[in-house]
Amino acid sequence: LEGCLRDILVERNQHLLTPREDGAANPVGALISGFFKGELSFVALSQKLASHLFASTQHASIASGDLFVVHFDKIATEDGERSAVGLFKSESRRQYIAARAEGDGFRLETVTGINPGRIDKGALVIEGSDRVFALDRSRSNTRYWLEDFLVAKQIPNERIRSTVAVKLVEEVQKNIVDPVERQEFGHQVIALCTTRESVQESELTELSEKFVPTEVWESELDRISDQKGLVEVEDMAIPVKKFEKKLKRSLNRIALGQDIVLSIPDDLSFEGVE
């Protein structure tokens with residue numbers, strides 16, 4: 001499982017185990033916490049996790065497969081070595097060539113097995129933490145592994161924060177009717193980023209309130225967070241480097257209505273233009 005662990009233990013796969021919508025405790029988190037406290041044996045933990053996964057996959061489009069539950073005695077983390085429980089589901093089998101002893105020689109035959117380096121879904125829950133490293137290679141097709149089984153939301157990394165911030169700025173721009181004000185809003189956002197390594201969400205919110213009502217920013221942030229399955233982060237810091245490049249591409253395109261879009265250079269202003 002070394003290859004699978006290497007794929008899972010990266011920043012973009014960090015999620016937070018969250019309570020259920022009805023307020024009940026996170027099922028996977030509660031079970032694994034009980035195991036680490038000595039309230040459950042490893043066999044009982046595996047059985048209960050398998051039952052919970054089965055209950056979370058009652059849909060015709062969800063592929064069957066094999067579930068592996070692994071107890072890692074020591075995993076290197078930022079806080080030192082910790083115990084962890086790994087959950088791995090394989091939804092596909094592959095053919096391999098194997099050699100079997102036969103008399104004085106060997107016989108080659110085809111067998112079907114699992115490639116541990118390409119597990120379809122995986123999760124690593126570290127002792128004493130609500131954070132989980134989760135991987136779903138087929139997330140575009142089904143979200144049950146993260147939403148129904150793990151009940152986990154992604155912790156925004158640098159790339160995701162930039163993407164969310166750009167979408168928020170674009171939404172504010174769409175709600176500004178006057179083209180001159182729309183362009184001025186874009187210029188002010190870019191100016192905010194020019195000499196900075198990062199900007200805070202609160203700074204962009206304050207700037208947008210000069211042009212549109214406060215609820216435009218808040219409602220769009222809630223919509224994007226729900227759509228992408230993100231943890232709600234208070235006043236997230238947005239890295240300027242990637243954010244500014246994406247913004248310039250977006251803000252230099254001005255929609256004038258009736259399918260007319262202008263792509264304009266930074267130094268061209270609508271001020272005084274009829």
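Strands 6 and 7 make a good starting point: residues 121-126 form strand 6, residues 131-136 form strand 7, and the two pair in the antiparallel sense over 5 bridges. Within this pairing, G122 sits opposite L135 of strand 7. The model is a predicted one, so everything described here is read from computed coordinates.

Zooming out, strands 6 and 7 belong to an open sheet of 6 strands, lined up in the order 2-3-6-7-1-8 with antiparallel pairing. Strand 2 (66-77) and strand 8 (152-154) are the edge strands, and each of them pairs on one side only. On average, neighbouring strands of the sheet are turned by 30° against each other, direction ignored.

Next come the helices that meet this sheet. Helix 2, made of residues 27-36, lies across strand 1 (14-17), strand 2, strand 3 (80-90) and strand 6. Its direction runs at about 130° to strand 3. Helix 3 (residues 42-55) packs on the sheet too, touching strand 2 and strand 3. The direction of helix 3 makes about 125° with that of strand 2.

What about empty space inside? Rolling a probe the size of a water molecule over the atoms shows where such space is left. A search of the whole structure turns up 1 cavity of 30 Å³ or more. The largest cavity holds about 40 Å³ of space. Which residues line the largest cavity? They are S90, S92, R94, I114, N115 and R118. Sorted by class, this lining has 3 polar, 2 charged and 1 nonpolar residues.

Conventions. Residues numbered from 1 in each chain as written. Predicted model: local features only at pLDDT ≥ 70, side-chain atom pairs only at ≥ 80, totals over all residues. Heavy atoms only, no water. Pairing = 2+ DSSP bridges. Helix = DSSP H or I, 4+ residues; strand = E, 2+ residues; numbered from the N terminus. Axes fitted to C-alpha atoms, helices over the stretch in contact; angles between N-to-C directions. Contact = heavy atoms within 4.5 Å. 1 Å grid on protein atoms, 1.4 Å probe; cavity = no way out; pocket = protein on both sides within 12 Å on 5 of 7 lines; lining within 4 Å. Points joined across faces, edges and corners; volume = space filled by probe spheres on them. Nonpolar A, V, L, I, M, F, W, Y, C, P; charged D, E, K, R; others polar.
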